[in-house]
Amino acid sequence: MKVKCENGHWSKLPVCYSPCKISLEELTKHNIQLLSSNDQKNIPDKSYKHGTEISVACKSGFRRSTNAALVLECYDGKFRYPRCFSGRTCRILQDDLDENNLELDEVHDNEVFYAEGEIIHYKCKNGFYYLGQPTGKCSEEKMSYPKCTESSV
């Protein structure tokens with residue numbers, strides 16, 4: 001890619017992305033496995049380019065809460081890992097987040113489904129406050145949400 005300076009401004013600069021490595025610990029934590037057993041042997045050593053997608057499957061006894069494709073996605077040095085579950089799940093809905101002035105924290109940023117009994121940490125949208133810790137829980141396939149308000153008093 002070439003960049004040039006015109007009238008004192010640079011054209012669009014290139015963006016550099018870091019490669020990703022698959023973590024055996026994250027595969028285990030998310031109850032997923034690579035589709036090919038040959039791939040398992042090379043996990044610790046292999047690097048993948050930004051944007052790479054690798055198909056995975058739920059481990060035996062676990063399932064996905066949706067029919068969406070199960071892939072690891074490399075994004076700037078970190079894979080995004082889908083999750084598989086053994087029991088009941090809850091789903092976070094964007095309308096419920098908006099209604100309560102919430103957004104997911106950085107740890108749960110791309111998560112939609114949660115396991116029964118799991119505690120979810122939220123953060124209030126800019127300009128909104130919560131007294132205490134804004135957490136919710138997945139219980140009986142329903143998600144509980146804290147409410148953030150405009151006033152901190």
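## Close-up views of sheets, rings and salt bridges

**View A. Isoleucine 32 finds its bridge partner in β4: cysteine 58.** As in every view here, what you see is a predicted model. The pair belongs to the antiparallel match between strand β3 (residues 32-34) and strand β4 (residues 53-58), and three bridges hold that match together on paper. Step back a little and the two strands turn out to be part of an open sheet of four strands, ordered β3-β4-β5-β6 and paired in the antiparallel sense. At the edges sit β3 and β6 (78-80), each of which pairs on one side only. Ignoring direction, neighbouring strands in this sheet are turned by 40° against each other on average.

**View B. Across from β4 runs β5, again antiparallel.** Three bridges join β4 to strand β5 (residues 71-75). Which residue of β5 is the bridge partner of serine 55? Look for valine 71. Glutamate 53, for its part, stands opposite glutamate 73 in β5.

**View C. Tyrosine 17 and tyrosine 75 make a tilted aromatic pair.** Two numbers do the describing in a view like this: how far apart the ring centres are, and the angle between the planes. The structure holds four aromatic pairs. For the tyrosine 17 and tyrosine 75 pair, the values are 6.5 Å centre to centre and 55° between the planes. Tyrosine 17 comes from the loop between β2 (9-10) and α1 (24-29), while tyrosine 75 is in strand β5, so the pair ties together parts that are 58 residues apart in sequence. Are these two tyrosines buried or exposed? In between: tyrosine 17 has 41% relative accessibility and counts as partly exposed, and tyrosine 75, at 40%, is partly exposed too.

**View D. Phenylalanine 79 and tyrosine 81 meet edge-to-face.** Their ring centres are 6.3 Å apart and the planes are at 65°, which is over the 60 degrees where edge-to-face begins, so the pair gets that label. Both phenylalanine 79 and tyrosine 81 are buried. Bring Tyr48 into the frame as well, and you have one aromatic cluster made of Tyr48, Phe79 and Tyr81.

**View E. Arginine 80 lies over the face of tyrosine 75.** The distance to the ring centre is 4.5 Å. This is the tyrosine from View C, the one that pairs with tyrosine 17.

**View F. Glutamate 26 and lysine 29 share a salt bridge within helix α1.** Oppositely charged side chains can pair up when their charged atoms come close. A search of the whole structure turns up seven salt bridges. The one between glutamate 26 and lysine 29 has an N to O distance of 3.8 Å. Why do these two line up along the helix? They are three residues apart in α1, which means about one helical turn separates them. Lysine 29 counts as exposed, at 57% relative accessibility.

**View G. Aspartate 98 reaches lysine 125 at 2.7 Å, N to O.** This salt bridge links distant parts of the chain, 27 residues apart. Aspartate 98 is in helix α3 (residues 94-99), and lysine 125 is in the loop between β10 (119-124) and β11. Both ends are partly exposed: aspartate 98 has 33% relative accessibility and lysine 125 has 25%.

**View H. Glutamate 103 and lysine 123 form a salt bridge between two strands.** The closest N and O atoms are 3.8 Å apart. Glutamate 103 belongs to strand β8 and lysine 123 to strand β10, 20 residues away, so to speak, along the chain. Glutamate 103 is partly exposed, with a relative accessible area of 33%, and lysine 123 counts as partly exposed at 29%.

**View I. Strands β8 and β10 also appear in an open sheet of four strands.** The order is β8-β10-β11-β12, with antiparallel pairing. β8 (102-104) and β12 (142-143) are the edge strands, each pairing on one side only. Strand β11 (residues 135-139) pairs with β12 over two bridges, antiparallel. Serine 139 stands opposite lysine 142 of β12.

**View J. A salt-bridge network links Arg88, Glu116 and Glu141.** To find this spot, start from Arg88 and pick out Glu116 and Glu141, the other members of the network.

How values were computed
Residues are numbered from 1 along each chain as its sequence is written. This is a predicted model: local features need pLDDT of at least 70, side-chain atom pairs count only at pLDDT 80 or more; totals for chains, interfaces and linings use all residues. Side-chain values use heavy atoms; hydrogens and water are left out. Two strands pair if DSSP finds at least two bridges between them. Rings of Phe, Tyr and Trp (its six-membered ring) pair if their centres lie within 6.5 Å; planes under 30 degrees apart count as stacked, over 60 as edge-to-face and the rest as tilted. Buried means under 20% relative accessible area, exposed over 50%, partly exposed in between (1.4 Å probe, protein chains only). A charge sits over a ring if NZ of Lys or CZ of Arg is within 6 Å of the ring centre and within 35 degrees of the ring normal. Axes are lines fitted to C-alpha atoms, for helices over the stretch in contact, and angles run from 0 to 180 degrees between N-to-C directions. A salt bridge is a side-chain nitrogen of Lys or Arg within 4 Å of a carboxyl oxygen of Asp or Glu.
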